[in-house]
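Reader: Hi! I have just started learning to read protein models, and I would like to look closely at one small part before taking in the rest. Could you walk me through it in one go?

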Amino acid sequence: MVRTRLYRDGVLVNEGFPIADVSDHVSDPGNVVWFDLCSPTTGDLETIAEELGLHKLAVEDVFQHHQRPKVDLYDSHLFITVYWLHLEDSRLHPVEINVFATRNALVTVRESEHFDVDRVVARWDANADLAKYGVSFLLHGLLDHVVDAHFDLVEHLDELVEDLEEQLFEERPMTKEDARRMFTLRKNMVGLRKAASPMREVVNTLIRRDVHMVVPAMAPYYQDLYDHVLRVAEWTETLRDLLSNLRETHMSQQGFRLNEIMKSLTSWAAIIAVPTMITGYYGQNVPYPGFGTSLGFWSSTIVILTASGLLYLAFKRRGWL
């Protein structure tokens, strides 16, 4: 499915026109064209590349999935790769978005329909007064939507980390389900970091003056976008460190609980060893003092109770029981 839009002098004048008309529209310096492709074939993209004069390496990169977010500079256009992120069944799913940006044309290529381009269009329509700034305006709206998704995601992960913190110090030990949640959260954090951290380089490259992509009037908006990118990256690093500390604390607690159990078992084993030794001593078929008399029975019983009681009090005082 292909979506197209035509702006003339900052005003939306047409949309839904065929891609074959793109070359006619971009020939006019007063026009700005946007069109969106979802999971295109190689032939579809080659047709567009001929219409806009896109570099073949950039076209090939569209089909090389799992690339790092980046900006490639070519003579006639920029090629940008970013990732929109969403959670599904508690797992992070990235959607790759490739962007070709020329002087008066913006092409977005989505990996799948999970990325709702209608929200980007709604963002553009809500700020129609900035449409006069052309590709700078369109590109900002797209990147701002992507970064907002990163921000919402890191905020959600922060809440999950706080829940794990509260559970970590509860009386009940962490279950396998809790450990699985921690592993999933750590995996999602790594995925977010891989997508969000390189965005600093992407936005910083765009606002460089020698790139000539951002018009001066849009510079404050891109600077604000860069600030959001920094906040997401720093927040992600903070959560990553915090999650590592939670994992280390969990391992320390497990070691502490195991140590407490071993001390308790050792204490009871020492207490049980006293009556075992005494009864074993008198259980031999040898006439020791008190053998076969009530005096011997009561003497051994008193020794057993006294020694066991003293050991119990000693271990209790040391906190082993």
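Author: Happy to. Let's start with H86, which sits in strand β5; please keep in mind that the model is a predicted one. Is H86 buried or exposed? Its relative accessible area is 15%, and a residue counts as buried when that value is under 20%, so H86 is buried. What does H86 touch? Leaving out residues up to four places away in sequence, its contacts are R91, L92, H93, V95 and H114.

Now widen the view to the strand that holds H86. β5 covers residues 78-88, and β4, made of residues 70-73, runs antiparallel to β5, with four bridges between them. To find one point of this pairing, look for K70, which stands opposite T81 in β5. The link from β4 to β5 is a hairpin of four residues.

Next, follow the chain onward. A second hairpin, this one through three residues, leads from β6 to β7. β6 spans residues 91-101 and β7 spans 105-110, so you can place three of the residues that H86 touches, R91, L92 and H93, by their numbers in β6. β6 and β7 pair in the antiparallel sense, over five bridges. One of the pairings to look for is F100 with its bridge partner V107 in β7.

β7 also has a partner on the strand β3, residues 31-38, and here the pairing is parallel, with six bridges. One place to spot it is V33, whose bridge partner in β7 is A105.

How many residues of β7 are buried? Six of its six residues are, and the strand is mostly covered. Both faces share in this: A105, V107 and V109 are on one side, L106, T108 and R110 are on the other, and all of them are buried.

The loop between β6 and β7 is worth a stop too, as N104 is found there. Its relative accessibility is 6%, so N104 counts as buried, even though its place is in a loop. Apart from residues up to four places away in sequence, N104 touches V26, D28, P29, N31, V32, V33 and V135. V33 is already familiar as the bridge partner of A105. For a sense of distance, N104 and H228 are 124 residues apart in sequence, while their C-alpha atoms are 26 Å apart in space.

Finally, step back to the whole chain. There are nine helices and seven strands in total. Of the 321 residues, 42% count as buried, H86 and N104 among them. The radius of gyration is 35 Å, whereas a compact globule of 321 residues would be near 20 Å. Along the principal axes, the C-alpha atoms fill a box of roughly 120 × 40 × 30 Å. Looking at contacts between residues at least 6 apart in sequence, 64% join residues at least 24 apart. The accessible surface comes to about 17900 Å², with 55% of it belonging to carbon and sulfur atoms. As for charges, the chain has 31 positive and 46 negative ones, and their mean positions lie 11 Å apart.

Definitions and conventions
Residues numbered from 1 in each chain as written. Predicted model: local features only at pLDDT ≥ 70, side-chain atom pairs only at ≥ 80, totals over all residues. Heavy atoms only, no water. Helix = DSSP H or I, 4+ residues; strand = E, 2+ residues; numbered from the N terminus. Rg over C-alpha atoms; globule rule 2.2 N^0.38 Å. Buried < 20%, exposed > 50% of the residue type's maximum accessible area, 1.4 Å probe, protein only. Contact = heavy atoms within 4.5 Å. Areas by Shrake-Rupley, 256 points an atom, 1.4 Å probe, with all protein chains shown as cover. Lys, Arg positive; Asp, Glu negative; His and termini not counted. Charge placed at Lys NZ, Arg CZ, Asp CG, Glu CD. Pairing = 2+ DSSP bridges.
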